[in-house]
Amino acid sequence: QVVIAEPTVGPDGNVYVVADIGGLGAYSLSPTGQLRWSNPGNPVFAEYGQLGAEIVFDAQRMFVAFDEYGVAPTDTLYAFSLDGTQLWAVPVPSSNDIFMQRQAQPATGPDGSLYLTGMSSSQGWQLLRFNPANGSVVWTFRLEPANGMSPPTVGPDGSVYYSRSLGFLDAVNPGGDRRWTFFDETIAINYTSGTTGRPKG
């Protein structure tokens, strides 16, 4: 089996892992290494590339997202209880981007909020906030240019941070409005000329 979400210690002190098709799926071990439970996922967990995504948690649940290559038509975000019950699975925008991120990576905030970045065919790259109880989208946030985004990260005050288009860093308030944007044009590379400058698009 191939591990596609690296071992992570949960809020209950147990170890959580996700393996690709043909393995145990999501599973949990006790601190002494005993298998507590396993669940193959519905749809079955699948990731093309296996780059070691992280499992994230709130107080009661674990969350993972994968591209589901060959299994489902879109990336999928999952929620499981800490006893191994799948609570929900929802299709989400694709997060595979050669420059900014290679695999879907959710993030949780101190208030239990849940975020993911990805690209939809109609909206382009965007930051999404989900309801962790049922997987519904609470809001989406998007700025131009948006030629790829990094995974989000959440600060202790609930602010969400992500980078986009190689040189932009955005801070977004928990309510879904922009806090600030910083542009570092020294790292934005024009790949056609090999010089630095504002990215196109």
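Here are three short exercises on this predicted model, each with a worked solution.

**Exercise 1. Find the residues that touch the most other members of the largest nonpolar core, and say which strands supply the core.**

Start with the membership: the largest nonpolar core has 15 residues. Next, pick out the ones touching the most other members: Tyr16, Val18, Phe45, Ile55, Met62, Val64 and Phe66. Now go to the elements. Two or more core residues come from each of strand S1 (3–9), strand S2 (15–19), strand S7 (61–66) and strand S8 (75–81). S7 gives the largest share, three residues.

To finish, zoom in on Val18. Leaving aside residues up to four places away in sequence, Val18 touches Val2, Val3, Ile4, Ala5, Gly25, Ala26, Phe45, Ile55, Met62, Val64 and Phe66.

**Exercise 2. Work out which strands stand at the edges of the open four-stranded sheet, and follow the pairing of S8 and S9.**

First write down the strand order, S6-S7-S8-S9, with antiparallel pairing. Then look at the ends: strand S6 (56–57) and strand S9 (86–92) each have a single partner strand, so one side of each has no neighbour in the sheet. Now take S8 and S9, which pair in the antiparallel sense over six bridges. For a landmark, start at Ala79 and cross to its bridge partner in S9, Trp88.

**Exercise 3. Identify the residues of the nonpolar surface patch that includes Ile21, and place Ile21 in the chain.**

The patch is formed by Ile21, Val44 and Val71. Together they have about 220 Å² of accessible area. As for Ile21, look in the loop between S2 and strand S3 (26–29).

Definitions and conventions. Residues numbered from 1 in each chain as written. Predicted model: local features only at pLDDT ≥ 70, side-chain atom pairs only at ≥ 80, totals over all residues. Heavy atoms only, no water. Core = buried A, V, L, I, M, F, W, Y, C linked by side-chain atoms within 4.5 Å. Buried < 20%, exposed > 50% of the residue type's maximum accessible area, 1.4 Å probe, protein only. Contact = heavy atoms within 4.5 Å. Patch = residues over 30% accessible without salt bridge, like charges linked within 9 Å, V, L, I, M, F, W, Y side chains within 5 Å. Areas by Shrake-Rupley, 256 points an atom, 1.4 Å probe, with all protein chains shown as cover. Salt bridge = Lys/Arg side-chain N within 4 Å of Asp/Glu carboxyl O. Pairing = 2+ DSSP bridges.
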